[in-house]
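Work through the exercises below with the sequence and the structure side by side. Try each task before you read its solution.

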Amino acid sequence: MSRRPRLLPLAFALAATGMVGGCGLFSDDGPLRVVVIGTNLKMSNPDQGRPSPVAQALLSATAQGLVSFDGDGQIEPGLAERWVVTDDGLSYIFRLRDADWSDGTQVTTRQVAAMLRTQFGPRSKNRYAREISGVESIRAMTAQVIEIRLRQPLPHLLEILAQPDMALLRNGRGWGPMRATPEKGALLLAVPKAEDAEEAPQAAGDAIRPVDLHARSAAQALARYRNKEADVILGGRFADYPLLSASGIDNNRIIVDPAEGMFGLFITHDDGILGSAEVRRALSMAIRRTALTQAMGEPSWTPLVTLRPPLDKQEPAYAPLVPAFAALDEAARIANARAIIAAATDDLERKPVLRIALPDGPGADLLFASLRADLRVVGLDAIKVKFASAADLRLIDEVAPSRDPFWYVRKLACARGNLCNSIADAKIEEAMRAPDAATKAALLREAETILMETGGYIPLAEPLRWSVTSPRSNALKPNPRARHPLNRLTTIPS
(Lines give C-alpha, C1' and ligand atoms only; values in the text may rest on other atoms or scores of the structure.)
Protein backbone atom coordinates (compact mmCIF):
# COMPACT_ATOMS: atom_id res chain seq x y z
CA MET A 1 0.00 0.00 0.00
CA SER A 2 1.45 3.34 -1.00
CA ARG A 3 1.97 5.87 1.73
CA ARG A 4 0.30 9.25 1.69
CA PRO A 5 1.01 12.36 3.76
CA ARG A 6 0.01 12.14 7.39
CA LEU A 7 -3.33 13.60 8.44
CA LEU A 8 -3.38 17.00 10.08
CA PRO A 9 -2.93 16.88 13.88
CA LEU A 10 -6.15 17.64 15.76
CA ALA A 11 -5.05 20.99 17.14
CA PHE A 12 -4.03 22.18 13.68
CA ALA A 13 -7.31 20.85 12.27
CA LEU A 14 -9.24 22.87 14.83
CA ALA A 15 -7.31 25.99 13.92
CA ALA A 16 -7.91 25.34 10.22
CA THR A 17 -11.66 25.22 10.78
CA GLY A 18 -11.61 28.39 12.89
CA MET A 19 -12.80 26.57 16.00
CA VAL A 20 -10.04 27.55 18.38
CA GLY A 21 -9.18 31.06 19.44
CA GLY A 22 -11.45 33.95 18.55
CA CYS A 23 -15.19 33.40 18.90
CA GLY A 24 -15.82 30.45 16.59
CA LEU A 25 -16.30 27.67 19.14
CA PHE A 26 -19.79 28.67 20.29
CA SER A 27 -20.86 30.90 17.41
CA ASP A 28 -23.65 30.00 14.99
CA ASP A 29 -21.03 28.16 12.97
CA GLY A 30 -19.57 26.46 16.04
CA PRO A 31 -19.89 22.80 16.97
CA LEU A 32 -23.18 20.99 16.56
CA ARG A 33 -24.35 20.20 20.10
CA VAL A 34 -25.67 16.64 20.14
CA VAL A 35 -27.14 14.81 23.14
CA VAL A 36 -27.56 11.04 23.00
CA ILE A 37 -30.05 9.65 25.49
CA GLY A 38 -28.09 7.39 27.80
CA THR A 39 -25.21 7.40 30.26
CA ASN A 40 -21.45 6.98 30.26
CA LEU A 41 -19.94 8.79 27.29
CA LYS A 42 -17.32 6.14 26.65
CA MET A 43 -16.07 4.03 23.76
CA SER A 44 -16.45 0.28 24.21
CA ASN A 45 -15.36 -2.77 22.24
CA PRO A 46 -18.43 -4.49 20.71
CA ASP A 47 -16.54 -7.81 20.59
CA GLN A 48 -16.61 -7.80 24.40
CA GLY A 49 -20.32 -7.10 24.77
CA ARG A 50 -23.16 -5.03 23.44
CA PRO A 51 -22.31 -1.31 23.33
CA SER A 52 -24.69 1.27 24.76
CA PRO A 53 -26.51 3.70 22.42
CA VAL A 54 -23.96 6.34 23.40
CA ALA A 55 -21.05 4.02 22.58
CA GLN A 56 -22.70 3.15 19.26
CA ALA A 57 -22.81 6.84 18.35
CA LEU A 58 -19.10 7.16 19.15
CA LEU A 59 -18.25 3.99 17.23
CA SER A 60 -20.14 5.03 14.08
CA ALA A 61 -18.35 8.38 14.09
CA THR A 62 -14.80 7.48 15.08
CA ALA A 63 -14.35 3.87 13.99
CA GLN A 64 -16.84 2.38 11.49
CA GLY A 65 -16.40 -0.91 9.70
CA LEU A 66 -15.85 -1.83 6.08
CA VAL A 67 -19.11 -0.10 5.20
CA SER A 68 -21.45 2.26 7.03
CA PHE A 69 -24.94 3.76 6.94
CA ASP A 70 -25.56 7.17 5.45
CA GLY A 71 -28.16 9.61 6.73
CA ASP A 72 -30.93 7.77 4.87
CA GLY A 73 -30.05 4.40 6.36
CA GLN A 74 -28.49 3.21 3.08
CA ILE A 75 -25.15 1.47 2.69
CA GLU A 76 -22.19 3.72 1.91
CA PRO A 77 -18.41 3.23 1.92
CA GLY A 78 -16.65 3.01 5.25
CA LEU A 79 -13.09 1.78 5.48
CA ALA A 80 -13.76 0.06 2.15
CA GLU A 81 -13.96 2.64 -0.61
CA ARG A 82 -15.61 0.13 -2.97
CA TRP A 83 -16.50 -3.57 -3.18
CA VAL A 84 -17.82 -6.27 -5.48
CA VAL A 85 -19.92 -9.36 -4.85
CA THR A 86 -19.47 -12.41 -7.05
CA ASP A 87 -22.44 -13.71 -9.03
CA ASP A 88 -22.87 -16.72 -6.73
CA GLY A 89 -23.03 -14.43 -3.67
CA LEU A 90 -20.24 -16.35 -1.93
CA SER A 91 -17.42 -13.84 -2.16
CA TYR A 92 -17.36 -10.20 -1.03
CA ILE A 93 -14.21 -8.39 -2.12
CA PHE A 94 -13.44 -5.02 -0.52
CA ARG A 95 -10.83 -2.47 -1.60
CA LEU A 96 -9.72 -0.44 1.43
CA ARG A 97 -9.06 3.28 1.35
CA ASP A 98 -5.78 4.70 2.60
CA ALA A 99 -6.43 5.37 6.27
CA ASP A 100 -4.68 5.81 9.61
CA TRP A 101 -5.67 4.71 13.07
CA SER A 102 -6.21 7.64 15.41
CA ASP A 103 -2.67 7.16 16.80
CA GLY A 104 -1.31 7.97 13.34
CA THR A 105 -0.24 4.44 12.33
CA GLN A 106 -1.38 3.09 9.00
CA VAL A 107 -4.34 0.74 8.66
CA THR A 108 -3.31 -2.50 6.93
CA THR A 109 -5.40 -5.23 5.33
CA ARG A 110 -3.73 -7.87 7.53
CA GLN A 111 -4.88 -6.01 10.65
CA VAL A 112 -8.40 -5.62 9.33
CA ALA A 113 -8.70 -9.28 8.29
CA ALA A 114 -7.56 -10.38 11.74
CA MET A 115 -10.10 -8.05 13.40
CA LEU A 116 -12.93 -9.41 11.27
CA ARG A 117 -11.96 -12.98 12.12
CA THR A 118 -12.12 -12.04 15.80
CA GLN A 119 -15.54 -10.39 15.35
CA PHE A 120 -16.98 -13.52 13.76
CA GLY A 121 -14.98 -15.96 15.88
CA PRO A 122 -16.40 -18.49 18.37
CA ARG A 123 -15.22 -16.46 21.39
CA SER A 124 -16.65 -13.19 20.17
CA LYS A 125 -19.33 -11.54 22.31
CA ASN A 126 -20.32 -9.30 19.41
CA ARG A 127 -24.10 -9.48 19.19
CA TYR A 128 -23.95 -9.92 15.41
CA ALA A 129 -21.50 -12.81 15.46
CA ARG A 130 -24.42 -15.24 15.50
CA GLU A 131 -26.23 -13.35 12.75
CA ILE A 132 -23.47 -14.11 10.25
CA SER A 133 -23.26 -17.88 9.94
CA GLY A 134 -21.34 -19.62 7.21
CA VAL A 135 -18.22 -17.43 6.98
CA GLU A 136 -15.63 -19.71 5.44
CA SER A 137 -12.60 -17.44 5.40
CA ILE A 138 -11.46 -13.82 5.73
CA ARG A 139 -8.14 -12.99 4.12
CA ALA A 140 -5.99 -10.12 2.98
CA MET A 141 -5.60 -10.72 -0.75
CA THR A 142 -3.27 -7.77 -1.37
CA ALA A 143 -2.06 -4.68 0.47
CA GLN A 144 -5.39 -3.02 -0.36
CA VAL A 145 -7.91 -5.84 -0.86
CA ILE A 146 -9.76 -8.11 1.59
CA GLU A 147 -12.08 -11.02 0.77
CA ILE A 148 -14.87 -12.45 2.94
CA ARG A 149 -15.67 -15.92 1.63
CA LEU A 150 -19.00 -17.56 2.55
CA ARG A 151 -20.30 -21.12 2.59
CA GLN A 152 -23.76 -19.95 1.50
CA PRO A 153 -25.06 -16.59 0.24
CA LEU A 154 -25.90 -13.95 2.85
CA PRO A 155 -27.83 -11.26 0.93
CA HIS A 156 -27.94 -8.94 3.95
CA LEU A 157 -24.26 -9.13 4.86
CA LEU A 158 -23.51 -5.50 4.02
CA GLU A 159 -26.28 -4.25 6.33
CA ILE A 160 -24.75 -6.21 9.19
CA LEU A 161 -21.25 -4.95 8.40
CA ALA A 162 -22.59 -1.37 8.46
CA GLN A 163 -23.74 -1.64 12.09
CA PRO A 164 -21.76 0.36 14.69
CA ASP A 165 -21.12 -2.96 16.46
CA MET A 166 -18.99 -3.99 13.47
CA ALA A 167 -16.65 -1.01 13.87
CA LEU A 168 -12.96 -1.81 13.55
CA LEU A 169 -10.85 -0.98 16.60
CA ARG A 170 -7.12 -1.39 17.22
CA ASN A 171 -6.08 -1.02 20.86
CA GLY A 172 -9.36 0.77 21.48
CA ARG A 173 -8.77 3.26 18.66
CA GLY A 174 -10.68 3.76 15.45
CA TRP A 175 -9.64 5.04 12.05
CA GLY A 176 -12.19 7.82 11.40
CA PRO A 177 -14.07 9.63 9.84
CA MET A 178 -14.02 11.69 13.05
CA ARG A 179 -11.68 11.94 16.02
CA ALA A 180 -12.70 12.37 19.65
CA THR A 181 -11.13 14.97 21.93
CA PRO A 182 -12.29 14.30 25.52
CA GLU A 183 -13.88 17.30 27.20
CA LYS A 184 -16.77 17.32 29.65
CA GLY A 185 -18.48 15.63 26.76
CA ALA A 186 -16.56 14.73 23.63
CA LEU A 187 -15.59 17.12 20.85
CA LEU A 188 -15.60 15.14 17.61
CA LEU A 189 -13.63 16.56 14.72
CA ALA A 190 -13.88 15.60 11.09
CA VAL A 191 -10.68 13.98 9.85
CA PRO A 192 -9.29 16.12 7.03
CA LYS A 193 -8.33 14.43 3.79
CA ALA A 194 -4.61 14.59 3.12
CA GLU A 195 -5.10 15.73 -0.44
CA ASP A 196 -7.28 18.63 0.77
CA ALA A 197 -4.91 19.84 3.48
CA GLU A 198 -3.50 22.80 1.50
CA GLU A 199 -6.59 23.61 -0.52
CA ALA A 200 -8.77 26.66 0.00
CA PRO A 201 -11.63 26.36 2.51
CA GLN A 202 -14.84 24.79 1.28
CA ALA A 203 -17.81 26.90 0.29
CA ALA A 204 -20.05 27.84 3.21
CA GLY A 205 -22.85 25.53 2.08
CA ASP A 206 -20.48 22.57 2.12
CA ALA A 207 -18.60 23.47 5.30
CA ILE A 208 -18.42 20.94 8.10
CA ARG A 209 -18.15 21.50 11.83
CA PRO A 210 -17.24 19.53 14.93
CA VAL A 211 -19.80 17.72 17.05
CA ASP A 212 -19.99 18.52 20.76
CA LEU A 213 -21.34 15.21 22.07
CA HIS A 214 -22.97 14.55 25.46
CA ALA A 215 -24.90 11.74 27.15
CA ARG A 216 -27.93 12.64 29.24
CA SER A 217 -31.24 11.22 30.40
CA ALA A 218 -34.24 11.96 28.19
CA ALA A 219 -35.53 14.59 30.62
CA GLN A 220 -32.15 16.32 30.76
CA ALA A 221 -31.75 16.15 26.97
CA LEU A 222 -35.15 17.76 26.39
CA ALA A 223 -34.41 20.44 28.97
CA ARG A 224 -31.13 21.29 27.24
CA TYR A 225 -32.93 21.51 23.90
CA ARG A 226 -35.63 23.81 25.28
CA ASN A 227 -32.93 26.01 26.80
CA LYS A 228 -31.17 26.15 23.40
CA GLU A 229 -28.18 24.28 24.82
CA ALA A 230 -28.58 21.35 22.41
CA ASP A 231 -29.20 21.21 18.67
CA VAL A 232 -29.95 17.50 18.22
CA ILE A 233 -31.27 14.74 20.49
CA LEU A 234 -30.69 11.13 19.44
CA GLY A 235 -31.69 7.76 20.86
CA GLY A 236 -35.29 8.33 21.94
CA ARG A 237 -37.40 5.24 22.67
CA PHE A 238 -40.95 4.41 23.70
CA ALA A 239 -40.12 4.51 27.41
CA ASP A 240 -39.37 8.25 27.25
CA TYR A 241 -41.83 9.26 24.54
CA PRO A 242 -44.39 10.82 26.95
CA LEU A 243 -41.67 13.28 28.04
CA LEU A 244 -41.24 14.31 24.41
CA SER A 245 -44.98 14.70 23.80
CA ALA A 246 -45.25 16.88 26.90
CA SER A 247 -42.20 18.99 26.04
CA GLY A 248 -43.95 21.44 23.71
CA ILE A 249 -41.36 20.92 20.97
CA ASP A 250 -42.72 21.67 17.49
CA ASN A 251 -43.78 18.55 15.62
CA ASN A 252 -41.72 19.58 12.62
CA ARG A 253 -38.60 19.26 14.80
CA ILE A 254 -39.41 15.69 15.84
CA ILE A 255 -38.13 12.78 13.75
CA VAL A 256 -39.91 9.44 14.23
CA ASP A 257 -38.19 6.60 12.41
CA PRO A 258 -40.22 4.03 10.43
CA ALA A 259 -38.19 1.44 12.33
CA GLU A 260 -38.48 -2.26 11.54
CA GLY A 261 -37.85 -4.78 14.27
CA MET A 262 -39.37 -6.50 17.30
CA PHE A 263 -41.38 -4.85 20.05
CA GLY A 264 -43.19 -7.45 22.08
CA LEU A 265 -43.09 -9.85 25.01
CA PHE A 266 -41.01 -13.00 25.32
CA ILE A 267 -42.65 -15.67 27.44
CA THR A 268 -39.79 -16.97 29.52
CA HIS A 269 -41.03 -20.39 30.67
CA ASP A 270 -43.83 -22.95 30.43
CA ASP A 271 -44.62 -23.45 34.12
CA GLY A 272 -47.97 -22.98 35.83
CA ILE A 273 -50.60 -21.15 33.83
CA LEU A 274 -48.05 -20.66 31.04
CA GLY A 275 -47.65 -24.43 30.60
CA SER A 276 -50.48 -24.44 28.07
CA ALA A 277 -49.73 -23.28 24.52
CA GLU A 278 -53.42 -22.44 24.17
CA VAL A 279 -53.20 -20.09 27.15
CA ARG A 280 -50.03 -18.49 25.80
CA ARG A 281 -51.78 -17.84 22.49
CA ALA A 282 -54.79 -16.47 24.38
CA LEU A 283 -52.57 -13.84 26.00
CA SER A 284 -51.68 -12.51 22.56
CA MET A 285 -55.35 -12.60 21.57
CA ALA A 286 -56.37 -10.56 24.63
CA ILE A 287 -54.17 -7.52 23.99
CA ARG A 288 -55.77 -4.50 22.34
CA ARG A 289 -52.77 -3.31 20.36
CA THR A 290 -54.40 -0.29 18.75
CA ALA A 291 -55.46 1.03 22.15
CA LEU A 292 -51.93 0.41 23.42
CA THR A 293 -50.23 2.42 20.67
CA GLN A 294 -52.86 5.18 20.78
CA ALA A 295 -52.27 5.60 24.51
CA MET A 296 -48.71 6.66 23.73
CA GLY A 297 -49.97 9.53 21.58
CA GLU A 298 -47.72 8.89 18.55
CA PRO A 299 -50.00 8.43 15.51
CA SER A 300 -47.33 6.74 13.39
CA TRP A 301 -46.61 3.99 15.94
CA THR A 302 -47.78 0.82 14.18
CA PRO A 303 -49.36 -2.08 16.09
CA LEU A 304 -48.47 -5.62 14.96
CA VAL A 305 -49.97 -9.08 15.44
CA THR A 306 -47.34 -10.78 13.29
CA LEU A 307 -43.85 -11.90 14.22
CA ARG A 308 -42.36 -9.92 11.35
CA PRO A 309 -43.23 -6.56 9.73
CA PRO A 310 -46.17 -6.35 7.30
CA LEU A 311 -45.96 -7.49 3.71
CA ASP A 312 -45.16 -4.04 2.33
CA LYS A 313 -41.83 -4.21 4.21
CA GLN A 314 -41.02 -7.79 3.18
CA GLU A 315 -40.22 -9.55 -0.06
CA PRO A 316 -43.43 -11.27 -1.28
CA ALA A 317 -41.87 -14.73 -0.93
CA TYR A 318 -41.33 -14.02 2.77
CA ALA A 319 -44.77 -12.67 3.67
CA PRO A 320 -45.31 -12.87 7.45
CA LEU A 321 -47.72 -15.45 8.83
CA VAL A 322 -50.89 -13.87 10.24
CA PRO A 323 -52.51 -15.53 13.29
CA ALA A 324 -56.08 -16.83 12.87
CA PHE A 325 -57.43 -14.50 15.56
CA ALA A 326 -56.53 -11.47 13.40
CA ALA A 327 -59.71 -12.14 11.39
CA LEU A 328 -61.90 -11.65 14.50
CA ASP A 329 -63.16 -8.35 15.81
CA GLU A 330 -62.03 -7.10 19.21
CA ALA A 331 -65.08 -8.37 21.10
CA ALA A 332 -64.72 -11.87 19.67
CA ARG A 333 -61.01 -11.98 20.46
CA ILE A 334 -61.57 -10.99 24.07
CA ALA A 335 -64.44 -13.44 24.49
CA ASN A 336 -62.33 -16.30 23.12
CA ALA A 337 -59.35 -15.39 25.29
CA ARG A 338 -61.55 -15.10 28.40
CA ALA A 339 -63.05 -18.55 27.78
CA ILE A 340 -59.61 -20.16 27.36
CA ILE A 341 -58.24 -18.49 30.50
CA ALA A 342 -61.37 -19.40 32.50
CA ALA A 343 -61.06 -23.07 31.55
CA ALA A 344 -57.38 -23.10 32.53
CA THR A 345 -57.88 -21.36 35.89
CA ASP A 346 -61.20 -22.87 36.96
CA ASP A 347 -59.61 -25.06 39.65
CA LEU A 348 -57.22 -22.42 40.98
CA GLU A 349 -57.88 -20.72 44.31
CA ARG A 350 -56.18 -17.47 43.29
CA LYS A 351 -56.15 -15.48 40.11
CA PRO A 352 -52.71 -15.94 38.45
CA VAL A 353 -50.46 -12.87 38.51
CA LEU A 354 -47.94 -12.51 35.69
CA ARG A 355 -44.64 -10.70 36.24
CA ILE A 356 -43.85 -8.41 33.29
CA ALA A 357 -40.27 -7.13 33.03
CA LEU A 358 -40.13 -3.65 31.54
CA PRO A 359 -37.61 -0.79 31.55
CA ASP A 360 -38.05 2.36 33.61
CA GLY A 361 -39.80 5.39 32.19
CA PRO A 362 -43.28 6.88 31.77
CA GLY A 363 -43.79 5.12 28.44
CA ALA A 364 -43.12 1.77 30.09
CA ASP A 365 -45.62 2.69 32.80
CA LEU A 366 -48.23 3.43 30.13
CA LEU A 367 -47.45 0.14 28.40
CA PHE A 368 -47.82 -1.79 31.64
CA ALA A 369 -51.11 -0.11 32.51
CA SER A 370 -52.52 -1.06 29.11
CA LEU A 371 -51.29 -4.66 29.35
CA ARG A 372 -52.57 -5.09 32.88
CA ALA A 373 -56.01 -3.74 31.99
CA ASP A 374 -56.30 -6.17 29.06
CA LEU A 375 -55.17 -9.15 31.15
CA ARG A 376 -57.64 -8.32 33.91
CA VAL A 377 -60.49 -8.37 31.41
CA VAL A 378 -59.71 -12.02 30.57
CA GLY A 379 -59.22 -13.13 34.18
CA LEU A 380 -55.53 -12.59 34.90
CA ASP A 381 -53.51 -9.95 36.71
CA ALA A 382 -49.98 -8.59 36.33
CA ILE A 383 -47.26 -6.78 38.19
CA LYS A 384 -44.40 -4.78 36.72
CA VAL A 385 -40.88 -5.88 37.71
CA LYS A 386 -37.43 -4.50 37.01
CA PHE A 387 -36.07 -5.44 33.62
CA ALA A 388 -33.25 -7.56 35.08
CA SER A 389 -35.55 -9.37 37.53
CA ALA A 390 -37.06 -12.83 37.20
CA ALA A 391 -40.21 -12.52 35.11
CA ASP A 392 -42.87 -14.46 33.23
CA LEU A 393 -42.95 -12.03 30.30
CA ARG A 394 -40.04 -9.84 29.24
CA LEU A 395 -40.05 -6.98 26.75
CA ILE A 396 -37.90 -7.09 23.63
CA ASP A 397 -37.43 -3.73 21.91
CA GLU A 398 -34.91 -4.02 19.07
CA VAL A 399 -34.54 -2.52 15.61
CA ALA A 400 -33.69 -5.12 13.00
CA PRO A 401 -30.14 -4.68 11.68
CA SER A 402 -31.24 -5.60 8.16
CA ARG A 403 -34.22 -6.72 6.10
CA ASP A 404 -33.30 -10.34 6.68
CA PRO A 405 -36.59 -12.15 7.53
CA PHE A 406 -34.63 -14.82 9.40
CA TRP A 407 -33.43 -12.29 11.99
CA TYR A 408 -36.86 -12.38 13.61
CA VAL A 409 -37.14 -16.14 13.98
CA ARG A 410 -33.53 -16.41 15.15
CA LYS A 411 -34.48 -14.09 18.02
CA LEU A 412 -36.78 -16.88 19.23
CA ALA A 413 -34.13 -19.60 19.02
CA CYS A 414 -33.44 -21.80 22.04
CA ALA A 415 -29.94 -20.35 22.39
CA ARG A 416 -31.53 -17.03 23.43
CA GLY A 417 -32.77 -18.44 26.75
CA ASN A 418 -36.50 -17.84 26.18
CA LEU A 419 -39.38 -20.26 25.62
CA CYS A 420 -38.62 -21.90 22.30
CA ASN A 421 -39.17 -24.94 20.10
CA SER A 422 -36.26 -27.15 19.04
CA ILE A 423 -38.10 -28.32 15.90
CA ALA A 424 -38.46 -24.70 14.78
CA ASP A 425 -34.74 -24.20 15.48
CA ALA A 426 -33.92 -27.13 13.20
CA LYS A 427 -36.12 -25.70 10.43
CA ILE A 428 -34.37 -22.35 10.71
CA GLU A 429 -30.93 -23.95 10.47
CA GLU A 430 -32.06 -25.99 7.47
CA ALA A 431 -33.42 -22.86 5.81
CA MET A 432 -30.13 -21.03 6.31
CA ARG A 433 -28.35 -23.79 4.37
CA ALA A 434 -31.01 -24.08 1.65
CA PRO A 435 -29.67 -23.52 -1.88
CA ASP A 436 -32.54 -21.41 -3.27
CA ALA A 437 -34.99 -18.72 -2.20
CA ALA A 438 -38.12 -20.86 -2.68
CA THR A 439 -36.86 -23.55 -0.31
CA LYS A 440 -35.76 -20.93 2.21
CA ALA A 441 -39.21 -19.30 2.13
CA ALA A 442 -41.01 -22.63 2.59
CA LEU A 443 -38.84 -23.60 5.55
CA LEU A 444 -39.23 -20.15 7.09
CA ARG A 445 -43.01 -20.51 6.93
CA GLU A 446 -42.80 -23.94 8.59
CA ALA A 447 -40.62 -22.54 11.38
CA GLU A 448 -42.87 -19.52 11.83
CA THR A 449 -45.97 -21.73 12.00
CA ILE A 450 -44.37 -23.83 14.75
CA LEU A 451 -43.33 -20.72 16.69
CA MET A 452 -46.82 -19.26 16.43
CA GLU A 453 -48.36 -22.50 17.68
CA THR A 454 -45.82 -22.60 20.53
CA GLY A 455 -46.93 -19.14 21.60
CA GLY A 456 -43.58 -18.09 23.06
CA TYR A 457 -43.72 -14.52 21.78
CA ILE A 458 -46.42 -11.85 21.86
CA PRO A 459 -45.86 -9.20 19.15
CA LEU A 460 -47.17 -5.76 20.07
CA ALA A 461 -45.92 -3.13 17.62
CA GLU A 462 -42.97 -1.98 15.60
CA PRO A 463 -40.16 -0.31 17.59
CA LEU A 464 -40.70 3.37 18.41
CA ARG A 465 -37.59 5.49 17.85
CA TRP A 466 -37.48 9.26 17.91
CA SER A 467 -35.01 12.12 17.62
CA VAL A 468 -35.18 15.91 17.75
CA THR A 469 -33.44 18.37 15.46
CA SER A 470 -33.09 22.14 15.25
CA PRO A 471 -32.55 24.73 12.50
CA ARG A 472 -28.78 24.30 13.05
CA SER A 473 -29.01 20.83 11.47
CA ASN A 474 -31.13 19.82 8.50
CA ALA A 475 -29.47 16.44 7.92
CA LEU A 476 -31.51 14.25 10.28
CA LYS A 477 -33.71 11.94 8.21
CA PRO A 478 -36.09 9.15 9.28
CA ASN A 479 -35.04 5.68 8.15
CA PRO A 480 -35.93 2.01 8.86
CA ARG A 481 -32.63 1.25 10.60
CA ALA A 482 -33.02 4.28 12.94
CA ARG A 483 -29.37 5.14 12.29
CA HIS A 484 -28.24 8.77 12.40
CA PRO A 485 -24.43 8.83 12.07
CA LEU A 486 -22.85 11.88 13.65
CA ASN A 487 -20.52 12.48 10.70
CA ARG A 488 -23.62 12.92 8.52
CA LEU A 489 -24.97 15.72 10.72
CA THR A 490 -21.97 18.00 10.44
CA THR A 491 -22.77 20.00 7.29
CA ILE A 492 -23.69 23.61 8.04
CA PRO A 493 -27.06 24.46 6.45
CA SER A 494 -26.53 26.93 3.63
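## Three exercises on a predicted model

The structure shown here is a predicted model, and every value in the solutions is computed from it.

**Exercise 1.** On the other side of helix α12 from its buried residues, which residues are exposed, and how does the length of the helix compare with the span expected at 1.5 Å a residue?

*Solution.* Begin with the exposed residues, which are S422, I423 and R433. Next, list the buried residues of α12, namely A424, D425, I428, A431 and M432. These buried residues cover an arc of only 125 degrees around the axis, and therefore they lie on the same side of α12. The buried residues pack against two other helices, α11 (406-410) and α13 (437-454). Now turn to the length: α12 has twelve residues (422-433), for which the expected span counts one less than the number of residues, so that at 1.5 Å a residue it should span 16 Å, and the 17 Å between its end C-alpha atoms agrees with this. Finally, look at the start of α12, where a side-chain oxygen of N421 comes to within 2.9 Å of the backbone nitrogen of I423.

**Exercise 2.** Decide whether T306 counts as buried or exposed, and find which residues T306 touches, leaving out those up to four places away in sequence.

*Solution.* First locate T306, which sits in the loop between α8 (289-296) and α9 (330-345). A residue is called buried when its relative accessible area is under 20%, and because T306 has a relative accessibility of 6%, it counts as buried. With residues up to four places away in sequence left out, T306 touches P320, L321, V322, P323 and P459. As a last step, follow the side chain of T306, which reaches the backbone oxygen of R308 at 2.6 Å.

**Exercise 3.** In what order do the four strands of the open sheet lie, and which helix packs on the sheet?

*Solution.* Recall first that strands of a sheet pair through backbone hydrogen bonds, either parallel or antiparallel. In this open sheet the order is β4-β5-β7-β6, and the pairing is antiparallel. The edge strands, each of which pairs on one side only, are β4 (80-85) and β6 (135-140). On average, and with direction ignored, neighbouring strands of the sheet are turned by 15 degrees against each other. Then examine one pair in detail: β6 and β7 (residues 145-150) are joined in the antiparallel sense over five bridges, and A140 has I146 in β7 as its bridge partner. Helix α3 (residues 109-119) packs on the sheet, where it touches β5 (91-96), β6 and β7, and its direction makes about 160 degrees with that of β6.

Conventions. Residues numbered from 1 in each chain as written. Predicted model: local features only at pLDDT ≥ 70, side-chain atom pairs only at ≥ 80, totals over all residues. Heavy atoms only, no water. Buried < 20%, exposed > 50% of the residue type's maximum accessible area, 1.4 Å probe, protein only. Arc of directions from axis to C-beta. Contact = heavy atoms within 4.5 Å. Polar contact = N/O pair within 3.5 Å; in protein donor to acceptor, adjacent residues only side chain to side chain. Pairing = 2+ DSSP bridges. Axes fitted to C-alpha atoms, helices over the stretch in contact; angles between N-to-C directions.
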